[in-house]
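Please open the model in your viewer, with the chain drawn as a cartoon and side chains ready to be switched on. The stops below proceed by selection, and each says what to look for once the selection is made.

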Amino acid sequence: MSLPDPVKSEAARLRGRLAVCGMVAALALVSACTVRPLYSNQPLSPGSTLSASAELASISIKPVNTRYAQQVRNNLIFAFGQGSGEPASPAYVLDLGVTELVESAAIVQVQTQEDEPTAGTVTLTANYVLRDTATNTVIAVGKRSIPSSFDRPRQEFAAYRAQIDAENRAARELADLLRLSIAQDLAKHGKKA
């Protein structure tokens, strides 16, 4: 009968301890996870009785004054209400301000003597303030931006149309980003209350 090798048994114990520590760390990480799907029927906040989609549908958006801001507003109304329009008696009011920045991205024109821009970028930036209608308290304030690139052909109307198409793309993407951001803001607000 031989005695156990002390070096091998020490290594085995060390591996066992590392495995147990690894399992404990993994369980601690998994138990801290509080991810919930945005499109579920569960409420955004623990104290709310409304589902996430119903709470977003209860947001009214104030009128805006530019074409691209109106595009963002229209896309947001459609996204919040899932196609049903604005609510008759809103629980929240969203004050939305949208600005536009148009830049030339490239100044290379191969076949001409002039330095005409051949590409551009439209950046739409939205500033928003979300208020509770009943108490007029500010729930969230935020700012989000989306760039959208476009080609500038030589024809004036084609270049103008390309810029408008880029504005429309940016407005759609900005509305999606704002919807997610506002849903997160509502979830955070519910945790504070």
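Begin with the charged side chains, among which the structure holds three salt bridges, a salt bridge being a side-chain nitrogen of Lys or Arg within 4 Å of a carboxyl oxygen of Asp or Glu. This is a predicted model, in which local features need pLDDT of at least 70 and side-chain atom pairs count only at pLDDT 80 or more, while totals for chains, interfaces and linings use all residues. Residues are numbered from 1 along each chain as its sequence is written, and side-chain values use heavy atoms, with hydrogens and water left out.

**First selection: Arg67 and Glu167**

Select Arg67 together with Glu167, which form a salt bridge whose closest N and O atoms are 2.4 Å apart. Arg67 lies in helix α3 and Glu167 in helix α4 (residues 156–192), so the pair ties together parts that are 100 residues apart in sequence; helices here are DSSP runs of H or I with at least four residues, strands are runs of E with at least two, and both are numbered from the N terminus. Is Glu167 buried or exposed? Glu167 counts as buried at 7% relative accessibility, whereas Arg67, at 36%, counts as partly exposed. Buried means under 20% relative accessible area, exposed means over 50%, and partly exposed covers what lies in between, with a 1.4 Å probe and protein chains only.

Keep Glu167 selected and display its surroundings: leaving out residues up to four places away in sequence, Glu167 touches Arg67, Tyr68, Glu100, Val122 and Leu124, where contact means heavy atoms within 4.5 Å.

**Second selection: Arg73 and Glu86**

Next, show Arg73 and Glu86, whose side chains meet in a salt bridge with an N to O distance of 3.1 Å. Arg73 lies in helix α3 and Glu86 in the loop between α3 and β2 (92–106), so this pair ties together parts that are 13 residues apart in sequence. Arg73 counts as buried at 11% relative accessibility, while Glu86, with a relative accessible area of 33%, is partly exposed.

**Third selection: helix α3**

With Arg67 and Arg73 still displayed, extend the selection to the whole of helix α3 (residues 67–81), whose 15 residues reach 21 Å from the first C-alpha to the last, close to the 21 Å expected at 1.5 Å a residue; the expected span is 1.5 Å times one less than the number of residues. Colouring the helix by accessibility would pick out its buried residues, which are Tyr68, Ala69, Val72, Arg73, Leu76, Ile77, Ala79, Phe80 and Gly81. Just after α3 comes Gln82, whose phi is positive, near 50°.

**Fourth selection: helix α4**

Move to helix α4, where Arg161 and Asp165 both lie, four residues apart, about one turn of the helix. Arg161 forms a salt bridge with Asp165, the closest N and O atoms being 2.8 Å apart. Arg161 is partly exposed, with a relative accessible area of 36%, and Asp165 is partly exposed too, with 32%.

Further along, select Leu178, also found in helix α4, which counts as buried at 0% relative accessibility. Which residues is Leu178 in contact with, once neighbours within four places in sequence are left aside? They are Val72, Leu76, Leu96, Ala126, Tyr128 and Arg144. A distance label from Leu178 to Ser145, 33 residues away along the chain, should show their C-alpha atoms separated by 9.4 Å.

**Fifth selection: strands β3 and β4**

Now select strand β3 (residues 119–132), where ten of the 14 residues are buried, so the strand is largely enclosed by the rest of the structure. Add strand β4 (residues 138–151), which pairs with β3 in the antiparallel sense over 13 bridges; two strands pair if DSSP finds at least two bridges between them. One bridge to look for is that of Arg131, whose partner in β4 is Val138. β3 and β4 form a hairpin with five residues between them, and Asn136 in the turn has a positive phi of about 60°.

**Last view: the whole chain**

Finally, clear the selection and follow the chain, which has four helices and four strands, arranged from the N terminus on as α-α-β-α-β-β-β-α. Of its 193 residues, 34% count as buried. Among contacts between residues at least 6 apart in sequence, 62% join residues at least 24 apart.
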